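Visitor: I would like a close look at one part of this protein, the nonpolar interior and what surrounds it. Could you walk me through it, starting from the whole and working inward?

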Amino acid sequence: MKTVGIVLLVILAVLIIALIVLYFLGKKAQKRQEQQQAQIEAMKQTVSMLIIDKKRMKLKDSGLPQAVIDQSPKLMRGSKLPIVKAKVGPQIMSLVCEEKIFDSVPVKKEVKAVVSGIYITSVKGLHGKPIVTPPKKKGFFKRTLEKAQEKAGAKPIK
């Protein structure tokens, strides 16, 4: 066999081994995530709260309890999380919000939120109505492009 053929076989073997390892690591991570989701579902409760502020902050700057920061992985401490500062009863707390609902959380309003520990999973208006966020404004370039496409008779791209 030529040298090129041997090198290609070795690279192929390494890639196959890497794919197998990633497959098993992915399955393990998925099981862990399902267990965490089950724990969140078991501990959830509905709480009325006044949202004071919301920001994306680093974990160490978020104002969460030191025990929470110590338990988190080292790599996560530097990443930014959606943090909501809310008044729950007489107490002001910093809570971690779920990423997909962070944009719909209203500031300076009272809401009913489903909370699991320090984690907000969903938010509704005070009277049980879902909160509707207004659509984001389109930029100048997108508006101009849509107008040009409408004049040309083409379907606008969203």
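Guide: Gladly! Of the 158 residues in this protein, 22% count as buried. Please keep in mind that the model is a predicted one. The protein has four helices and five strands, and along the sequence they come in the order α-β-α-α-β-β-β-β-α. Its exposed surface comes to about 12400 Å², and carbon and sulfur atoms supply 63% of that. If we take contacts between residues at least 6 apart in sequence, 53% of them join residues at least 24 apart.

Now to the interior. In soluble globular proteins, nonpolar side chains tend to be buried together. Here the largest nonpolar core has 15 residues, and those with the most contacts inside it are Met 49, Ile 51, Val 84, Cys 97, Ile 120 and Val 123. Which elements give two or more residues to this core? They are β1, β2 (80–88), β3, β4 and β5 (119–125).

Ile 51 is a good residue to centre your view on. Setting aside neighbours within four places in sequence, Ile 51 is in contact with Val 84, Lys 85, Ala 86, Val 105, Pro 106, Val 107, Lys 108, Lys 109 and Val 111. Val 84, in that list of contacts, is also one of the residues with the most contacts inside the core.

Lys 108, another contact of Ile 51, deserves a short stop. This lysine is found in the loop between β3 and β4. Its phi is near 65°, a positive value in a residue other than glycine. Is Lys 108 buried or exposed? With a relative accessibility of 65%, Lys 108 counts as exposed.

There is also a second, separate core of six residues, which includes Leu 59, Leu 64, Ile 83 and Val 96. Two serines make contact with members of this second core, so to speak of them next is natural: Ser 94 touches Leu 64 and Ile 83, and Ser 72 touches Leu 59, while the core itself includes Leu 59, Leu 64 and Ile 83.

Ser 94 is found in strand β3 and is buried, with a relative accessible area of 13%. A polar atom of its side chain lies 3.4 Å from the backbone oxygen of Ser 62. Beyond four places in sequence, the contacts of Ser 94 are Ser 62, Gly 63, Leu 64, Ile 83, Val 84 and Lys 85. Val 84 and Lys 85 appear among the contacts of Ile 51 as well.

Ser 72 sits in the loop between α2 (66–71) and α3 (74–77). At 11% relative accessibility, this serine counts as buried. A polar atom of the Ser 72 side chain lies 2.8 Å from the backbone oxygen of Ile 69. Not counting residues up to four places away in sequence, Ser 72 touches Leu 59 and Arg 77.

Let us move to the charged pairs. The count comes to six salt bridges. In one of them, the side chains of Asp 103 and Arg 56 meet at 3.7 Å, N to O. Asp 103 lies in the loop between β3 (91–97) and β4 (110–116) and Arg 56 in strand β1 (residues 45–58), so this pair ties together parts that are 47 residues apart in sequence. Asp 103 counts as exposed at 52% relative accessibility, whereas Arg 56 is partly exposed at 38%. Salt bridges that share partners join Arg 56, Glu 99 and Asp 103 into one network.

Two further pairs are worth selecting in your viewer. Lys 55 and Asp 53 meet in a salt bridge at 3.9 Å, N to O; Lys 55 is partly exposed, with a relative accessible area of 43%, and Asp 53 is partly exposed at 30%. Glu 41 forms a salt bridge with Lys 44, with the closest N and O atoms 3.1 Å apart. Glu 41 is partly exposed at 42%, and Lys 44 is partly exposed at 43%.

One last stop is helix α4 (residues 140–152). This helix has 13 residues and reaches 18 Å from its first C-alpha to its last, close to the 18 Å expected at 1.5 Å a residue. After α4 comes Gly 153, whose phi is positive, near 90°.

Technical notes:
Residues are numbered from 1 along each chain as its sequence is written. This is a predicted model: local features need pLDDT of at least 70, side-chain atom pairs count only at pLDDT 80 or more; totals for chains, interfaces and linings use all residues. Side-chain values use heavy atoms; hydrogens and water are left out. A salt bridge is a side-chain nitrogen of Lys or Arg within 4 Å of a carboxyl oxygen of Asp or Glu. Buried means under 20% relative accessible area, exposed over 50%, partly exposed in between (1.4 Å probe, protein chains only). A nonpolar core is a set of buried Ala, Val, Leu, Ile, Met, Phe, Trp, Tyr and Cys residues joined through side-chain atoms within 4.5 Å. Contact means heavy atoms within 4.5 Å. The expected span of a helix is 1.5 Å times one less than its number of residues. A polar contact is a pair of N or O atoms within 3.5 Å; within protein, one must be able to donate a hydrogen and the other to accept it, and residues adjacent in sequence count only if both atoms are side-chain atoms. Accessible areas come from the Shrake-Rupley method with a 1.4 Å probe; for residues, only the protein chains shown count as cover.
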